[in-house]
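Me: Could you take a close look at one part of this model for me? I would like to know what surrounds it and how the rest of the chain compares.

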Amino acid sequence: MTVSIALFTRDLRLADNPVLDAARRSADTVVPLFVVDDDIVPDRCPPNRAAFLASALAELDAGLRDIGGHLVVRRGHVATEVARVVAETGAESVHVAQDVSAFATRRENALRAALSTGAHPRRATRVTTARRPDCTVHPHSAVITAVDPSALAPATGRDYYAVFTPYFRRWLDTHRRRPLDSPRALDVPDISSAAIPSVPELSPGKPSANCPTGGEITGRALLSKWLAGPIDDYADRNDDLAADVTSHLSPYLHFGCLSPVEVVHRTDLSTDGGHAFARQLAWRDFYHQLLAARPDIAADSLRPGPFPVRRDPQAVTAWKEGRTGYPIIDAAMRQLVTDGWMPGRARLITASFFTKTLRLDWRIGAAHFLHWLVDADLANNQLNWQWAAGTGTDTRPNRVLNPLRQADRHDPEGTYVRRHLPELAHLPGGAIHRPWRADLPGSDYPAPLVDVPGM
């Protein structure tokens, strides 16, 4: 009997999973494999993402058991552990989702090296069992994005779009494959497996109090609820911080519990809400194609910023702790720690304040978001931060989002701030955005770090 391996990475789902579908079609039996990667766990796996990952893996295993299989879990370096499974099963092919980061590229290259004739994976010197030398690696595109990052290129000859609007026009007109059905049955060979990892095994830290539950079952229920009505208000109210008219689907897209292809397919793009929502999905693809072409910009600026960067550790700490003296900033930063999430508008406001008002290095802010955000996607997080800092793709790099004007516009009654800053809850209506006018003692709430217009 022939064997293939479906190596799960950021595609933790059964529905519309080209990796699993191709593995199932190419062999009699399939090893649904997840490797708890020693290159990530525990040092590079923050607690919120660890909690989401643990529950997502549990739901994936449950879904596989419903169709006669189970998730095979190993721990170690990915290339080493895949080589072991190949040696144990005689697998002839390994299927994996294409990803865009430098880390993902190294992982794919290591897999190819480990499974090529006469080669051994890095750090794989203990793999001594004889194995088939003809096992091939098959990367699959449009698994973690709705459109293959290499499918769209401008007429200029460059391999990526530097501006979103023309990219979005092409993205809307680009053919997307139809979603694939979930497999009805799966035959898994007899092979040993570790248990589904617990949160403490993945990360030593404590997750946020309101960290969402991960998994395909949970994500699909949330998607159905979103499409059944709330999406209709998205175009008009997506920036309303108090109403929180957002889908909360981003963690499920990041971990691949939901297929972006299926999400776009199920969204009615002819409606204002559907079109506005699809635009956000296109932003996600836009940043993935940019990072695929320029993996260096995960750490380096795409272009020079409009302002000199200064060093101020005390300001960084105040921003992280939600003690800047600007309630709209502090509410968002405290929500980040409590929920492991914040609305897109809040992310823009806090990032602009950090980079344009405080003039601090965007990398420091981006790293803080990567630690706390459940949906901390490298492409989206780093490039949204660069957009805010004026070092990325914003066509108006000098724009500054004044926190007071943003608060007046997107939280006019102070409801969002009141929800996350109980010490200011007694201030009426929009007055909560300027607590210094109420002569509060500094022990109750700090004075603003800097002055901005409109105080």
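**A close look at Leu-291 and beyond**

Reply: Happy to help! Please keep in mind that this is a predicted model. Asp-236 makes a good way in: its relative accessible area is 71%, so this residue is exposed. Asp-236 sits in helix H8, which covers residues 234–237. It also belongs to a negative surface patch, together with Asp-232, Asp-233, Asp-268 and Asp-272.

Now for the part itself. Leu-291 is placed in helix H11, residues 272–293. Leu-291 is buried because its relative accessibility is 3%, and buried means under 20%. Leaving aside residues up to four places away in sequence, Leu-291 is in contact with Val-100, Ser-101, Ile-297, Ala-298, Leu-378, Ala-379 and Leu-383. As for Pro-446, 155 residues separate it from Leu-291 in sequence, and the C-alpha to C-alpha distance between the two is 39 Å.

A few backbone details elsewhere may also interest you. Asp-16 has a positive phi, near 45°, although it is not a glycine. This residue lies in the loop that runs between strand S1 (3–7) and helix H1 (18–26), and Asp-16 counts as buried because its relative accessibility is 0%. Ala-142 is another non-glycine residue with positive phi, here near 50°. Its loop lies between strand S5 (136–140) and helix H5 (164–173), and with a relative accessible area of 13%, Ala-142 is buried. Finally, the peptide bond from Val-41 to Pro-42 is cis, with omega near 0°; Pro-42 is part of the loop between strand S2 (29–37) and helix H2 (47–66).

Methods:
Residues are numbered from 1 along each chain as its sequence is written. This is a predicted model: local features need pLDDT of at least 70, side-chain atom pairs count only at pLDDT 80 or more; totals for chains, interfaces and linings use all residues. Side-chain values use heavy atoms; hydrogens and water are left out. Patches are made of residues with over 30% relative accessible area and no salt bridge: like charges are joined within 9 Å, nonpolar side chains (Val, Leu, Ile, Met, Phe, Trp, Tyr) within 5 Å. Accessible areas come from the Shrake-Rupley method with a 1.4 Å probe; for residues, only the protein chains shown count as cover. A salt bridge is a side-chain nitrogen of Lys or Arg within 4 Å of a carboxyl oxygen of Asp or Glu. Lys and Arg count as positive and Asp and Glu as negative; His and the chain ends are not counted. The place of a charge is taken as NZ of Lys, CZ of Arg, CG of Asp or CD of Glu. Helices (H or I, at least four residues) and strands (E, at least two) are DSSP runs, numbered from the N terminus. Buried means under 20% relative accessible area, exposed over 50%, partly exposed in between (1.4 Å probe, protein chains only). Contact means heavy atoms within 4.5 Å.
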